[in-house]
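Notebook open, structure on screen. I want to look up one helix and then some aromatic rings.

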Amino acid sequence: MKNMMKNTGRKIKKYVKEDPVGFISFLMILLFIFLAVFADFIAPYGINETQYMKPKAAPSMEHIFGTDELSRDIFSRILYASRISLFIGFAPTTINLIIGTFLGMIAGMTTLKWVDTLIMRVVDIVLSYPFMILAMAIVYNLGASTKNLFLALILVGWAGTARTVRAQTLSLKNSTYIEAARSMGVSKWKIMIKHILPNIRSLLLVLYTMSIPVAILSEAGLSFLGFGAQPPQTSLGVMVSKGRTYLFDAPWISLAPAIYILLLSLCLNFFGDSLRDMLDSKRSER
């Protein structure tokens, strides 16, 4: 146990020394998640609690991000709003990864040409439309809400993963060890689960970390346009949208949540880049 802890400590020190930006980004991501999960205990005020006679108050020690047009504390609202943004970032991305991986491996492993063709033509159709435009069209027809935005991001987000996984599966399925497993009568399902999936998990991990900020920014953009959370719910994109009216006389109303989105997305991107570089270096060492 002690040796394992020492080895873990050495790996962490090595990681911090080689990529401090990635390590700091990872800590910041944990901080963002912690603040969102425990917003009920950390936020100094309620999400809709008004501070009478303090509309559009500038940032101060009492209200570090100021107050909005209804005298509500912006810092507290950001903590609560980040719950929706983080949920939309992580949950649909996880589902997209599962769907895309499953369909991509089936398309790559199947001997039925029509199955591969059907899956890839659907992928081509989804990818032929701009991501935001297609998501906006889906939410518009279903009705603006967090639930429908969640569904839209799932419907349009799996295709890129499916195409990438199919390409990796095609390159692996003729490998010697897979041919040996096939000659021993191992089923295609077992080959996919025990041989294909373990060899692409590094790729999937990188795809996952790089897709989360895309989902968060998509949620923010669609919410900004009115296709996301609806009152009394709020999200970071909604806060930016509501504050744009007061951009000249009280810019902190819109800028504070916008900067929060920027920092969160940058940390996720930096950590994704760091993870990709780390996995590439390990692969080259082998």
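I started with the length of helix H2, residues 20–37. At 1.5 Å a residue, its 18 residues should span 26 Å, and I find the end C-alpha atoms 26 Å apart, so the two agree. Note to self: this is a predicted model.

Next I asked which residues of H2 are buried. My list reads Gly22, Ser25, Ile29, Phe32, Leu35 and Ala36. Looking down the axis of H2, I see these buried residues fall within an arc of 140°, so they line one face of the helix.

Then I went to the rings. The count comes to 7 aromatic pairs. One of them joins Phe34 and Phe38, with 4.9 Å centre to centre and 45° between the planes, so I logged the pair as tilted, since that class takes angles that are neither under 30 degrees nor over 60.

Phe38 also pairs with Phe41, again tilted: 6.5 Å centre to centre and 45° between the planes. Ring pairs thus link Phe34, Phe38 and Phe41 into a cluster.

Are these rings buried or exposed? Phe34 has a relative accessible area of 42%, so I put it down as partly exposed. Phe38 is partly exposed too, at 36% relative accessibility. Phe41 comes out at 71%, and I count it as exposed because the cut-off is over 50%.

Last entry, on a charge and a ring. I checked Arg244 and found its charged end sitting over the ring of Phe224, 5.3 Å from the ring centre.

Definitions and conventions:
Residues are numbered from 1 along each chain as its sequence is written. This is a predicted model: local features need pLDDT of at least 70, side-chain atom pairs count only at pLDDT 80 or more; totals for chains, interfaces and linings use all residues. Side-chain values use heavy atoms; hydrogens and water are left out. Helices (H or I, at least four residues) and strands (E, at least two) are DSSP runs, numbered from the N terminus. The expected span of a helix is 1.5 Å times one less than its number of residues. Buried means under 20% relative accessible area, exposed over 50%, partly exposed in between (1.4 Å probe, protein chains only). The arc is that of the directions from the helix axis to the C-beta atoms. Rings of Phe, Tyr and Trp (its six-membered ring) pair if their centres lie within 6.5 Å; planes under 30 degrees apart count as stacked, over 60 as edge-to-face and the rest as tilted. A charge sits over a ring if NZ of Lys or CZ of Arg is within 6 Å of the ring centre and within 35 degrees of the ring normal.
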